[in-house]
Amino acid sequence: MTHLSNYGNDRLGLYTFANLTTFLRCWTNLKLHTLPPLQLAHKYFRLFPEQRHPLWQNPCDDKRHKDIWSKEKTCDRLPKFLVVGPQKTGTTALYLFLIMHPSITSNFPSAKTFEEVQFFNTHNYHKGIDWYMEFFPVPSNVTTDFMFEKSANYFPLEESPKRAAALLPRAKIITLLINPSDRAYSWYQHQQAHEDHAALRYSFYEVISAGHQAAAELRSLQNRCLLPGLYAIHMERWLTHFPPNQLMIIDGQQLRNDPTAVMDEVQKFLGVSPYYNYSQALTFDRQKGFWCQLLEGGKTKCLGKSKGRKYPPMDTESRVFLSHYYRDHNVELSKLLHRLGQPLPSWLREELQKVR
């Protein structure tokens, strides 16, 4: 009972408990003792450690909760789909393409994490459902409006799929995949641009090849570079909590090269209407090297300055190391995609050729 939201703000539970203890004192020989609240909580979680962390469920799935819930609250403010990452695969571009659609709405921005809520993967989760729903507007039309959020850190973290499925069991999940070697290098370059001490101090090869005895900051950067690229492991975790028909896997490279085709498939997957013609809304900006939104008068709206950053190609030694590092994981990914009836991205076919 420690984490169940008291949706009606009633005191019936406390009243019942207090009268039960009074009855026991009067009519039995039991001697009841208690502790101050904080000590009581510590003792409880020592006895039931599995209940230490909450798991928020959708209050509207239980009629009893809906009946006593405030009339000012509505589960219509919960998103219909999530873009879960991983980072540096094109999630920001997908986010901007999605909000161009007249029927798709994203969450309000966060002062700390900008367009990302980061609810299911951080301590924000302990702030509760009300905190999460405040990031979303009340839809003007529950049937046709599609609300979503994009938090790229959700994909590789162990607790995120379970938490998301508990609160949003019918939500659709979108993930993007690029060559994990390129994703790792892109993250390293991202950290260099943000003046991360380890990224400035160590070369990319030193980061990815560091041993277990390496400095903590080096190991931390290595994990952020390498672990999100273990795609099959993370996707199997999401498939444990969501059925395959609620999961869409996008080839991040295809999104970069042919966003119109990808966004057509996204619209079909979501079942959103009316159909939005992205071929008339996007244009390729040769100077920036990627697709941008076409505005009136021929002007364009592109990703921010930090996106599409130019940096040197990955060195051959690092490329060979990473190709070997991800070899078995890429084989498992190909098996998973075959099982799901999904085509293999071009980068994955190229990596599998190296295995033979």
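Helices (H or I, at least four residues) and strands (E, at least two) are DSSP runs, numbered from the N terminus. The model is predicted, so that local features need pLDDT of at least 70 and side-chain atom pairs count only at pLDDT 80 or more, while totals for chains, interfaces and linings use all residues. Residues are numbered from 1 along each chain as its sequence is written, and side-chain values use heavy atoms, with hydrogens and water left out.

**Exercise 1.** Locate Lys88 and list its contacts beyond its sequence neighbours.

*Solution.* Begin with the chain: Lys88 lies in the loop between β1 (81-85) and α4 (91-98). Next, leaving aside neighbours within four places in sequence, Lys88 is in contact (heavy atoms within 4.5 Å) with Ile178, Arg183, Ser186, Trp187 and His190. Finally, an unreviewed UniProt entry annotates Lys88 as "active site", and such annotations may be inferred rather than shown by experiment.

**Exercise 2.** Work out the order of the strands β6, β7 and β8, and explain which of them stand at the edges.

*Solution.* The three strands form an open antiparallel sheet in the order β6-β7-β8. β6 (282-285) and β8 (300-301) each have a single partner strand, so one side of each is left without a neighbour in the sheet, and these two stand at the edges. Strands count as paired if DSSP finds at least two bridges between them; β7 (residues 290-294) and β8 pair in the antiparallel sense over two bridges, and Gln293 stands opposite Lys301 in β8.
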